[in-house]
Structure formats: structure tokens, C-alpha cells
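Please look at the sequence and the structure shown here before reading on. The report below takes up cysteines and charged side chains in turn.

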Amino acid sequence: GDDDDGDDDNGDDISAVLVDDGEDPFAPHPHDNTRKVVETPIAPKSIYKKTIMGRATARQKAKLAKFFFMGLVSSKGKKKCMETGCKIINEIGLLGLNKMILQNSGAALSRVLRLASHRANHPVLVHCSHGKDRTGLCVALLLSVAGATREQIVQDYAESERSGGSGACAHDLKQKPGLDPDEWASAKPELMIKTLDFIDQRWGSVSNYLCSAGFNLREQARLKTAITSDSPPPSLLNEASTIATTHAPPAVTAATTQQQHILAEDFL
């Protein structure tokens with residue numbers, strides 16, 4: 001996940017380049033079963049600001065500058081600045097957001113994939129504010145590496161629309177006037193189709209895009225193996241073994257392991 005309200009650019013950078021003979025900083029310690037939270041800013045404020053200023057007309061830039069300085073001494077100025085920025089963001093829309101992330105946050109997306117490429121980290125829960133936009137893009141890339149078809153990726157993304165997640169997002173957006181709920185609360189299949197089209201047109205394929213983002217073919221192969229293997233992840237086997245030993249008779253062990261394996265697949 002990532003925090004849109006924080007100073008993302010000042011956070012610790014956990015990215016790293018994998019080398020054949022070196023230690024992989026994304027590999028968990030073999031004796032450490034602690035579940036970890038890793039915050040990865042996929043769409044930080046700096047990218048929004050860059051995109052807004054790149055899209056704004058000369059008149060809008062003048063307004064933003066005026067309201068920004070007014071906002072230093074007045075809440076009214078800050079509100080006007082936000083309204084002008086939101087108007088531009090509404091023009092960009094969700095497709096523009098996905099393009100913005102793909103073009104500017106390749107390193108952050110690669111970070112997510114590297115964490116998921118280690119089976120000892122499984123199950124992996126990927127989320128953002130509403131679990132459909134930044135999360136949807138990350139999961140689309142994961143599914144593509146795993147070998148899912150284009151249709152499966154699109155259908156998976158649209159689950160947020162069918163399951164009611166978009167309704168909850170629309171309710172939240174109405175509490176924060178400025179962004180258009182009709183645009184930002186949706187998870188329509190057409191959006192993911194256009195996003196995948198953009199990747200194909202710009203980079204040729206998802207695999208090529210990931211290579212350009214620093215997630216090479218060797219890493220992609222390891223990720224595919226990690227998320228398509230039939231055996232339960234080591235972390236789940238260890239947890240199941242502990243449960244069976246301390247809390248349940250031996251007959252429960254297999255069922256517990258199988259249930260946790262299903263949960264791991266659901267998370268991914």
C-alpha cells in the first residue's frame with residue numbers, strides 16, 4: 001500500500017538490484033516467520049504534482065500559483081488550490097492515473113513484484129485505499145507474469161465493480177468533494193483493457209514493460225514459479241505445523257495446511 005498524505009519522497013528506499021552471486025535483500029530470513037508490512041509509494045504526491053503541472057493550461061498554472069500563495073495564509077486559498085487541482089485530475093481520469101503510474105513508478109511496481117517472488121513471504125496481501133486502482137494495476141502485472149490471459153486479468157479487475165467495492169469508494173469520495181465519483185469510484189473492464197492496450201502500444205508487452213522498469217526476465221521467471229507452484233509456501237507449512245503440534249490432533253494437520261494454501265491463492 002502507499003500513503004497519499006505522507007511525504008513519500010523522504011521515506012526509506014528499499015529498492016535494490018538483484019545480482020547473480022549476491023545476497024538478495026528481498027529474501028526473508030529463513031528462521032523469521034514474522035509477518036511484515038512494506039509501504040511502497042506507487043502514486044506519491046510528487047507524481048501527481050508533476051502530472052497536474054504538465055497537463056495544466058497557462059491559465060490554470062497561474063491560478064494554482066495564486067491560490068498556493070494565498071493558501072499559505074488563508075484556508076480559502078488552500079481550498080481553491082485543491083479545487084483547481086482536482087479539476088485537472090478529473091480530466092486525467094483513471095486511465096491517466098494508470099499511465100502516470102506506469103511511466104513514473106516502475107521501480108515501486110518492481111518492488112511489489114520482488115516481494116511476491118519469495119514464497120517465504122506468502123501469503124501476500126496487496127492493498128491501497130480502496131483496493132482497486134493501485135492494487136488493481138499491481139495485481140494485473142502479477143497475473144500477467146503468472147500466465148493469466150488478458151480476459152482473466154480484465155475480469156479480475158472488474159470484480160471490484162461487481163462485488164460492490166466501487167460503491168464504498170463512491171461513498172468515501174462524496175465525503176471529500178472535488179473528485180468525480182462517477183470516474184474515480186468505478187472499476188470498469190474497459191479501463192483495464194485500455195491500460196493493457198497502452199502497455200502493448202508503448203512497450204510491446206507486459207514483460208517488456210517490466211524489463212524497462214528494472215524487473216528482468218530472470219526475476220519474472222522466479223515470480224511466476226513462486227505464485228504458480230502447487231506446494232504451500234514455507235511460511236504456511238511452518239504455521240500449519242505449529243498449529244497441529246500445539247493446538248490440534250495430528251488428523252487436522254493436512255486440512256489446516258490445505259485451507260491455508262487456498263487462502264494464499266486467494267490473496268494473490
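What follows is a short report on a predicted model.

## Cysteines without a bond

A disulfide is a covalent bond between the sulfur atoms of two cysteines. The structure holds zero disulfides, and the distances between sulfur atoms help to explain this. The sulfur of Cys81 has its closest cysteine sulfur in Cys86, 9.7 Å away, which is too far for a bond. For Cys138 the closest cysteine sulfur belongs to Cys128, and at 8.1 Å that sulfur is also too far away for a bond. Cys138 itself counts as buried, with a relative accessibility of 2%.

## Salt bridges between buried residues

Five salt bridges are found in the structure. In one of them, the side chains of Arg114 and Glu219 meet with a distance of 2.6 Å from N to O. This pair links distant parts of the chain, since Arg114 lies in helix H4 and Glu219 in helix H11, 105 residues apart. Arg114 counts as buried at 6% relative accessibility, and Glu219 is buried as well, at 2%.

Lys132 and Asp133 form a salt bridge with an N to O distance of 2.8 Å. Lys132 is buried, with a relative accessible area of 2%, while Asp133 counts as buried at 15%.

## A partly exposed pair and a network

Glu161 and Lys188 also form a salt bridge, with their closest N and O atoms 3.7 Å apart. Here too the pair links distant parts of the chain, with Glu161 in helix H6 and Lys188 in the loop between helix H8 and helix H9. Glu161 is partly exposed at 32% relative accessible area, and Lys188 counts as partly exposed at 41%.

Finally, Arg150, Asp197 and Asp200 are joined into one network by salt bridges that share partners.

Technical notes
Residues numbered from 1 in each chain as written. Predicted model: local features only at pLDDT ≥ 70, side-chain atom pairs only at ≥ 80, totals over all residues. Heavy atoms only, no water. Disulfide = S-S within 2.5 Å. Buried < 20%, exposed > 50% of the residue type's maximum accessible area, 1.4 Å probe, protein only. Salt bridge = Lys/Arg side-chain N within 4 Å of Asp/Glu carboxyl O. Helix = DSSP H or I, 4+ residues; strand = E, 2+ residues; numbered from the N terminus.
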